[in-house]
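Here are a few exercises to work through with the model open beside you. Try each task before you read its solution.

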Amino acid sequence: MFFHTTFGVFHFMSDDGVDFKKVRKIANRAMRPNINRIGDKYYLFFERTRPLFFNALNLVNAAKWKSEIYVVESDDLQNWSAPKPVITNTRDYENSRMGMAISNPYLLRENGINRLYYSCGLTFIKDCGFCEPTHISYAESKDVTENYVSAEKPLISPDKNDPYLNLCSGCLKVYKLKDGYIGIQSGIYEKDGKSHSAIILLTSADGLKFEFCKVLVEPKIVDGKNWMKQFVYASHLVKYGNTLRLYFNARNVANPLVGRECIGFAEAEI
C-alpha cells in the first residue's frame, strides 16, 4: 500500500491486505500516490507540494498553494529515482485565487497512449477549513514519464444540481472493462449545511465522457463507530481472491483540529 501523511508518501506491506507494516518512506513533499508496474519497472506518480514552510503560510493566507504531478521509478520497490515533473501548470482551469493545484494522478494505458487522469483547481470547503479539488481532467502522452499534454477543458466540474457533486469534483479512478469503462469518483457535496463525500460509480463508452450509475459507499456510522461518519473518498479498486476490494480514505468530522483520518475498505463478491 502506498499512501500519504503530512510527512510524505509511505510504502506499507501486508500478507492479507488488512494488517499492514511500514516498509519505508518514499518521498517528502508528496501526496496522493498512484503506483504502476509497467514491464519490469515501477512508476509511482504523486502530487508534489512546495516545502512545508510555504504550505504553512498558505494556511494563514500569506502564500498561495502550489502543487504538480511528479514521478519516481524503481526496479525493486526498494531503491527509487529522484522525483521528476510529469504534469505542470499549463491550463487556466488548474488555477484559482487560492493558488494552483494538480493532484490525484491515476494512470490508464491503452493502445500505446498513457492517459493520466488528475484533479485540479482549489475550492475552499468552509467547515473543513481547507481546499478540495475543483475539477477533474486528464493529460496524454506516448511516453510514461514525459511529454504529457493536458486537455483543453476539464472532464468533470462541480454541478449545483448534482447531489453528490455540488461543491467540487474530488478525484477519479478509471478502469477498462470488456464492454467499456467505469469511473470511481468521490466528489464533495453539501447536505444539511455540512460538507460530505461519497464514492460513486460512473460508466463510460470511451473513458472520457462519464454518466452517473449508482452510489457505492456513503458516509455512515458502522457498528457504532463513527470513523467514516462524514467523508469517504480517495478510493482504489483491487481484485482480492474472488472479491473486489475498494480501499478508501475516511474522516469522521470536518473540523481539521478534531477530525480523524482512517483508511478502510468495502468488499463485493464477484
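**Exercise 1. Work out whether phenylalanine 2 is buried or exposed, then look at its aromatic partner.**

Step 1. Keep in mind that you're looking at a predicted model. Phenylalanine 2 has a relative accessible area of 17%, and buried means under 20%, so this residue is buried.

Step 2. Now for the partner. Phenylalanine 2 forms an aromatic pair with tryptophan 80, with 6.4 Å from centre to centre and 80 degrees between the planes. Planes over 60 degrees apart count as edge-to-face, so that's the label for this pair.

Step 3. Check where the two sit. Phenylalanine 2 belongs to strand 1, while tryptophan 80 lies in the loop between strand 6 (65-74) and strand 7 (84-87). They are 78 residues apart, so the pair links distant parts of the chain.

Step 4. Tryptophan 80 comes out at 18% relative accessibility, so it counts as buried too.

**Exercise 2. Describe the open sheet that strand 1 belongs to.**

Step 1. Take the order first: three strands run 1-2-3, with antiparallel pairing.

Step 2. Find the edges. Strand 1 (2-5) and strand 3 (21-27) each pair on one side only. From one strand to the next, the twist averages 35 degrees.

Step 3. Zoom in on strand 1 and strand 2 (residues 8-13), which pair over four bridges. Here phenylalanine 3 stands opposite phenylalanine 10 in strand 2.

Step 4. Look at the rings: Phe3 and Phe10 join Phe12 in one aromatic cluster.

**Exercise 3. Classify the ring pair of tyrosine 247 and phenylalanine 265.**

Step 1. The ring centres are 5.4 Å apart, and the cut-off for a pair is within 6.5 Å, so they pair.

Step 2. Their planes stand at 55 degrees, so the pair is tilted.

Step 3. Tyrosine 247 is in strand 21 and phenylalanine 265 in strand 22, 18 residues apart.

Step 4. Compare the two with the cut-offs. Tyrosine 247 is buried at 14% relative accessibility, whereas phenylalanine 265, at 31%, is partly exposed.

**Exercise 4. Say what lines the second largest pocket.**

Step 1. Start with the volume, about 310 Å³. The lining has 13 residues, and the closest to the pocket's centre are Leu216, Leu237, Leu244, Leu246 and Ala268.

Step 2. Which elements give two or more residues? They are strand 16 (180-191), strand 19 (210-217), strand 21 (243-251) and strand 22 (261-269). Strand 19 gives the most, with four residues.

Step 3. Sort the lining by class: 11 nonpolar, no polar and two charged residues.

Definitions and conventions. Residues are numbered from 1 along each chain as its sequence is written. This is a predicted model: local features need pLDDT of at least 70, side-chain atom pairs count only at pLDDT 80 or more; totals for chains, interfaces and linings use all residues. Side-chain values use heavy atoms; hydrogens and water are left out. Two strands pair if DSSP finds at least two bridges between them. Axes are lines fitted to C-alpha atoms, for helices over the stretch in contact, and angles run from 0 to 180 degrees between N-to-C directions. On a 1 Å grid over the protein atoms alone, a cavity is a set of points where a 1.4 Å probe fits but cannot get out, and a pocket is an open set with protein on both sides within 12 Å along at least five of seven lines; lining residues have an atom within 4 Å of a point. Grid points are joined across faces, edges and corners, and a volume is the space filled by probe spheres set on the points. Ala, Val, Leu, Ile, Met, Phe, Trp, Tyr, Cys and Pro count as nonpolar, Asp, Glu, Lys and Arg as charged, and the others, Gly among them, as polar. Rings of Phe, Tyr and Trp (its six-membered ring) pair if their centres lie within 6.5 Å; planes under 30 degrees apart count as stacked, over 60 as edge-to-face and the rest as tilted. Buried means under 20% relative accessible area, exposed over 50%, partly exposed in between (1.4 Å probe, protein chains only).
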